[in-house]
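The following questions and answers address a molecular model, beginning with one strand and moving outward.

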There are 2 protein chains.
Amino acid sequence: MSRPGSPDGEDPTTGGGVPRAERLGRILLARVVEPGDELGGRWLRELGPGTVARRLTGDGAPLPGASDKRWAGLRARAERADPERDLAQARQVGARFVCPGDGEWPGQLDDLGDARPVGLWVRGRPSLRMWALRSVAVVGARACTEYGAHMAAVLGAGLAERGWVVVSGGAYGVDAAAHRGALGAGGATVAVLACGVDRSYPRGHTELIGRIAGQGLVVGELSPGEHPTPGRFILRNRVIAALTRGTVVVEAAHRSGALATARAAQRLGRFTMGVPGPATSGVSAGVHELLRGEAVLVTDAAEIAELVGDMGELAPDRRGPVLPRDLLGPDARRVLAALPARRIAAVEEIARGAGATADDVVGKLYELRSLGYVERHGDGWKLTRQAMISVSSDRGRC
Amino acid sequence: MSRPGSPDGEDPTTGGGVPRAERLGRILLARVVEPGDELGGRWLRELGPGTVARRLTGDGAPLPGASDKRWAGLRARAERADPERDLAQARQVGARFVCPGDGEWPGQLDDLGDARPVGLWVRGRPSLRMWALRSVAVVGARACTEYGAHMAAVLGAGLAERGWVVVSGGAYGVDAAAHRGALGAGGATVAVLACGVDRSYPRGHTELIGRIAGQGLVVGELSPGEHPTPGRFILRNRVIAALTRGTVVVEAAHRSGALATARAAQRLGRFTMGVPGPATSGVSAGVHELLRGEAVLVTDAAEIAELVGDMGELAPDRRGPVLPRDLLGPDARRVLAALPARRIAAVEEIARGAGATADDVVGKLYELRSLGYVERHGDGWKLTRQAMISVSSDRGRC
C-alpha cells in the first residue's frame, strides 16, 4: 500500500489537488489566525490563501477589517511562521495537512462559513472525508460519573459495531470512554484536538491518543507544537459538531463545553442527542437542559443510529453502493477485490489478497462499509449483496 | 362549619343541583356498568339517568347497542343494586356521591366523552372541583427504585408547597411516595382508587389512604365495596389523566400502567411529563420512551409548575382573583374574612376567627390559594395583594 499516513497514495503532506503555493499559504494562515477567526475566513474567501499570505508577510497595507494593532500582531506571527518547518514537524508524527480543494477535505465543514478551519492537520491512515461521512460525536463532562463513563463506552462500542465512526475530543471522562469503547470494539474513532496533532493533551492521554492515531484519526486545526487554551477548546467544538452527522452529549453540567458542541451542532442543522441521567445528578443537569429543548433523548447506540440515519441524504439509493466504484481510491479498490465472492473472510486473509497490512485493510474496510460495499460479521467481513453483483463483474480490474 | 364530609354546606350524599331521582339513577348505573363503558355513557347522554335506570330495573326491551346476553348481565347486576344502601355504606366512611350537574363536579372530566364516569364517590372535606382545577398527577411504577421514590416524594412536596394538588393512584411505590411527599409538606393530595372508596387497596396502604381522606380527598368511580381488577386499574388511569392539568411519570417500565395514564393525558390534551433516570434502568425505560415522544422532561417541581402554568386559561387575569368572590361558598368566605388584613396568620388563628376546625380551614385555604386569594408563607397564610383590596372593603359581609 502507499506511504504510511497517506490516503490512497497521495503525497501525505503536499499532495492533492491544491497548488503547492496555496497549500503553503494555508499552512501559514493556520499558524497566524486563531481557529474560527471569521475575518481570516473572509480574507481567504475574498482574496485566496496566496494573496493573504503574501500580504501578511510582505509590506502592504492592512487587509480590510483589521485594526492597525491587530494587523501588527498578525504580521508578527506571520514573521515567525515557517510552513515548510510545520510540514516537516508534522511529518515526524506522520501527519498531513488537508485543506479545501483536497479530495480528503470533508465538505460538511464548509457549513461553518467564514469560521471554517483554514485546514486540518491529520494523523492516521483512513480518509477523513470518508470517515466523517458516517460519523457521530460522543462528548461530555471531563469529571463524569461512573455511569457517564459506562454509557460513553457502551455507546462508543455500539456505534462502532454498527459501522459508525465515533468522534470526540480526546479529553478525560466521557470523551476518553467513547474513544476507548470504539477502539475496544475494533471500530473507528477520531479525536479532534485543541492543540497541535503532534502533542498529546491531556498528557495522561499520550498513550490513548497514540492508539487513536494508529487505529483511527487524530485531527486538529492548530499548527504543530501549539498548546490548547480555553478559547481553543471552545472553538475546537465547532469542528466536532460540523464534522459529524450528530452530537450525543452523555453527561454535562450546566455551562459545560459539551453543551457548546451540542448547540453548535443544532445551529449547523446536525442531530443533537442527550443521554438521560438521574435528575439528582449535577453532571446530567446540562443534558436535561438540552433535552428540554430540541435535543432527542437516546439510551443506546441503536437509537442514535436510527436517528442519524442510514446515510440519509448522503445515500439516496440504499439499493446500490453510495459512491460509484470508480471514485474509490486504488487501495480501497484493491481491498474490495481481495474479498471473496460469497463468504465471510478474516482481515488477515483480505490483507494477504490485497498485499497490504492488516491495519491498512481495517481502515479501508470501514470506509467500504460506510459506502455500502461490505458488512462486518463478528471478526470477519463480507461483501454486501449489492456489492457482489457489481464486484463480481469487475473483479481484477484494479 | 357544615356537616363533616360536606362541601360548603350541601347535603353530603344527596345534595347539589341534581334531582334526587337522577342521582339515585346514576348511583345505580355506577354499580351496574363498568368504568369507562362508552355504551352506558351513550345511554346516559341520550336518555338521561332516570330513564336508563328504569329500563335496567323494569321489563322493557334492551337499550340500543346491547346484545341480549349483555343486557341480561346488566339487568342481573341492576337487580342486585340498591342505591340507598350504597349511599348508607358510603356515609359510614364519610363519602358523598358527586355527579355531573353538582357544583362540585369537575367539568374537565367531560373531556372523556361517553367514557366520563357516571359519578364519583368522594371522601374528604375539600371541594373536588376546586382542587382539580389546580392539580397535577404524579404516577409511576409500583416496583420503583429508591431514586424513583425519592423523586416522587420531592416532586410531591415541591408541588404541594407551590399550591398544587398532587393526584395519584394510592399504589405502592411512586404513587405512595408522591402522596406522602405532599402530605409531609402539609399540602393537598388526592388518591383516585380503582375500588370502592370505603376500601383500602392495597391493604398495606390502609393507614395512608385514611390519612389522605383526612387531609385530602379519596376518590373513585367504583361503588362501595367493589374490588379492583386489572381492567379497573387501567380505566382508573383515565380519570387521573382527565382530572389533572398534567401527568408526570416518575419511573415506569415499558408497558407500565403509568404510561397508560400519560398516554391518556396526551390524548386529552393535558401536559405529559417524565422524570429522566439512568439509561441503564429498566424502570426508567418507559419514561424515556415517553420523552422520545411528546412528553417534556422535568427534573423538579418548579419545572412542572412552570409547564402546567399559573392556572393558564383558567386564570386569564392574574391581577385579580380567579373567581368572583360572590361565587365562593359560605365556608370559604368565612375563612377569607378571618384572615388578618396585612400579616401572616397561623391556621389556628384563622380557625378561631372563622369558628371552624383547623382541618376544615386548611382545606379552604388551599382552595382560596388556587383561586388567587391567599398565599402560603411557611406554616402561615396571608392574603394576596389583590385580595386585600377587595376583602378589606367587604369585610364582615358574610
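Q: Which residues form the covered face of β12(A)?
A: This is a predicted model, in which local features need pLDDT of at least 70, side-chain atom pairs count only at pLDDT 80 or more, and totals for chains, interfaces and linings use all residues. Residues are numbered from 1 along each chain as its sequence is written, with chains lettered from A and ligands numbered from 1 in the order in which they are written. Strands are DSSP runs of E with at least two residues, numbered from the N terminus. The uncovered face of β12(A) holds G380(A) and K382(A), whereas the covered face holds W381(A) and L383(A).

Q: What is the strand order of the open sheet that contains β12(A)?
A: Strands count as paired if DSSP finds at least two bridges between them. β10(A) and β12(A) pair in the antiparallel sense over two bridges, and four bridges join β11(A) to β12(A). The edge strands, each paired on one side only, are β10 (345–346) and β11 (374–377) of chain A. The order is thus β10-β12-β11.

Q: Which residue in the hairpin of β11(A) and β12(A) takes a positive phi near 60 degrees?
A: The two strands run antiparallel, and V374(A) of the hairpin stands opposite L383(A) in β12(A). Two residues lie between the strands, and the positive phi near 60 degrees belongs to G378(A).

Q: Which C-alpha of chain A is nearest the axis that relates the two copies?
A: Superposed by least squares on the C-alpha atoms of residues with pLDDT of at least 70 in both, chain A can be laid on chain B with an RMSD of 0.1 Å by a turn of 180 degrees and a shift of 0.0 Å along the axis. The copies are therefore related as by a two-fold rotation axis. The C-alpha nearest this axis in chain A lies 2.3 Å from it and is that of G277(A).

Q: What percentage of the interface residues of chain A are also interface residues in chain B?
A: The copies meet through the same surface. This follows because the shared percentage is 100%.

Methods. Two residues are in contact if their C-beta atoms, placed from the backbone, lie within 7 Å. A residue is buried if 20 or more other C-beta atoms lie within 10 Å of its own, exposed if 12 or fewer, and partly exposed in between; C-beta atoms are placed from the backbone.
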